[in-house]
Amino acid sequence: MRFLNVLLLICFLQLSACGVESKHENAQQPIRFALSQAPLSLDPRVATDAASERVLRLIYQPLVDFDQHYKPNPKLATWQMLSATEYLITLKSPRAPFHNQLPLNAADVKATYDAITQLANSPLSAEYANIQNIVVHDEDHLTFYLKQPDPYFAAKLIIGIMPKPLLEQQHDFARFPVGNGPLAFVEKSNKLMLRRTADGQLITLSEVKDPTVRVLKLLRGETDLLQGELPAELVKYLQSKPDVTVKTSVGANYSYLGLNTQDPVLRNIKVRQAIAHAIDRPALIEKVMVNHTRIAGAILPPEHYAGNADLAAYDYNPTLAQQLLRESGVSLPLKLVYKTSTDAQRVRIATILQAQMRPAGIELEIRSLDWGTFFEDVQHGNFQLFGLTWVGIKTPEIYSKVFGSDSVPPNGFNRGRFSDQQLDSLLEKEDWQGATQRIHEQLPYIPLWYEGQFAVLNKKISNYAPKPDGNWDDLATISTYAD
């Protein structure tokens, strides 16, 4: 009913605004992108939120990116594994200079990675703690020396390269980024403005938290592009509007329920199995997700080179769930607390989960918190259940970081404090098929889905499509039709 009212409101406001037209009909006017959340930082050393990482990909360039099969691919550089602990990096030529016109060379690469390992508050420090030393040979060549062998090290060279002189001057990259990517920073006030280096096209990114307001701005010609973070009803509504184009695609971002396996109730495997059987994933996807959303089995999708297509989905079976709960010895109804952010879509998902679990004998209490408080609770293990999405994950090493017994924060992302010797052994052997099967059986996470991706464009916009990981890479090519 709420979303029906929203749609009626949109229709009314559209009619009241008829005759209002967008005036950005040439490349000299900015292309306007409305976001649910603005980037929190533009410094590659500290940014971890999805919006920041997606913008950083465009302002900076890394040494390595990934191909369509999720395998590392040269971006700024190629690499050669000289030994188990030595990687020779060769910068490609020619390469774009930094946006302040300084040339990019091997010294900048060393300075960037040194800055990460030396920055006390960098959330990435642990990721690169295995670097023993970096030696620059000349402008185009350098060698990374590691403390311990790491066959996946090349896939970690994904940090945007920063200019050494500015790093030495302690430049404020968080507010005034300088990279060598296809988009250069112009200014940030109430919106972030970027300039495409190839043709000077301006692109603005504005935070508009309310999804209904974002839709209204698009329909009234006040913005040109939306991507993600809309309820399925609004996406379907937009598909009926002649003045916009909705593009959808299969996604790879993994949504899940996290569980605190140290909790006296949730450490029982039968309770975790009961929760898995208390969720009707197809119904949830139908109600709240967009086209191309798929039921998930593991963090990495089945098409990944380390994916596992043989993981059978947990079916919705509240009767079996109740039976498992009784066998576990808990009293019914089982009362659990589910934490989520205040995002409207997240709260809606939580509300549906609450209704679905009730017939299974589970009484779910929803606590929606502001993002900062919510994420801090998750990091510190202050939860029973929580809902989140892994975004942009490319390497199978994620399983060790999320489920390894020695990966409890701050040493990794094992926020549910899961510990399983059999899994640790499989992870150590890098038996990803065996590891994902064990994770699927033990349920430290309850898999939900891989989010379908979508973008909604003003009809005058071309050369843009959503990516499986939700990245905004096509801002490097997006354009407007000439009159």
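**Ser341, two cores and some salt bridges**

Biologist: Which residues is Ser341 in contact with, leaving aside its neighbours within four places in sequence?

Modeller: Bear in mind that this is a predicted model. Ser341 has its place in strand E15, which covers residues 334-341. Beyond those sequence neighbours, its contacts are Arg346, Val347, Ser368, Leu369, Trp371 and Phe374.

Biologist: Is Ser341 buried or exposed?

Modeller: The cut-off for buried is under 20% relative accessible area. Ser341 has 9%, so the call is buried.

Biologist: And what does the side chain of Ser341 reach?

Modeller: The partner is a backbone atom, and the distance is 3.3 Å. That atom is the nitrogen of Asp343.

Biologist: Moving on to the cores, which helix gives the most to the largest nonpolar core?

Modeller: That core has 57 residues, and Leu63, Tyr113, Phe144, Leu205, Tyr464, Trp472 and Leu475 have the most contacts inside it. Six of the core's residues come from one helix, spanning residues 106-118, and that top contributor is helix H3.

Biologist: How many residues are in the other core, apart from that one?

Modeller: Its members include Val271, Tyr314, Ala350 and Ile446. The count for this separate core is 33 residues.

Biologist: Now charges: how far apart are the closest N and O atoms of Asp114 and Lys110?

Modeller: Both residues sit in helix H3, four residues apart, or about one turn of the helix. Asp114 is buried at 19% relative accessible area, while Lys110 is partly exposed at 24%. They form a salt bridge, and the closest N and O atoms are separated by 3.0 Å.

Biologist: Lys164 and Glu168 make a salt bridge too; why does Glu168 count as exposed?

Modeller: Their side chains meet at 3.8 Å, N to O, and both lie in helix H4, about one turn apart. Lys164 is partly exposed at 32%. Exposed takes over 50% relative accessible area. Glu168 passes that cut-off, so it counts as exposed, with a value of 56%.

Biologist: What is the N to O distance between Glu207 and Lys209?

Modeller: Glu207 is partly exposed, at 37% relative accessible area, and Lys209 is exposed, at 56%. Their side chains meet in a salt bridge, with an N to O distance of 3.9 Å.

Biologist: Last one: which residues are linked in a network of salt bridges?

Modeller: The whole structure has 24 salt bridges. The residues linked in a network are Glu127, Asp150, Lys156, Glu397 and Lys401.

Note on methods. Residues numbered from 1 in each chain as written. Predicted model: local features only at pLDDT ≥ 70, side-chain atom pairs only at ≥ 80, totals over all residues. Heavy atoms only, no water. Helix = DSSP H or I, 4+ residues; strand = E, 2+ residues; numbered from the N terminus. Buried < 20%, exposed > 50% of the residue type's maximum accessible area, 1.4 Å probe, protein only. Polar contact = N/O pair within 3.5 Å; in protein donor to acceptor, adjacent residues only side chain to side chain. Contact = heavy atoms within 4.5 Å. Core = buried A, V, L, I, M, F, W, Y, C linked by side-chain atoms within 4.5 Å. Salt bridge = Lys/Arg side-chain N within 4 Å of Asp/Glu carboxyl O.
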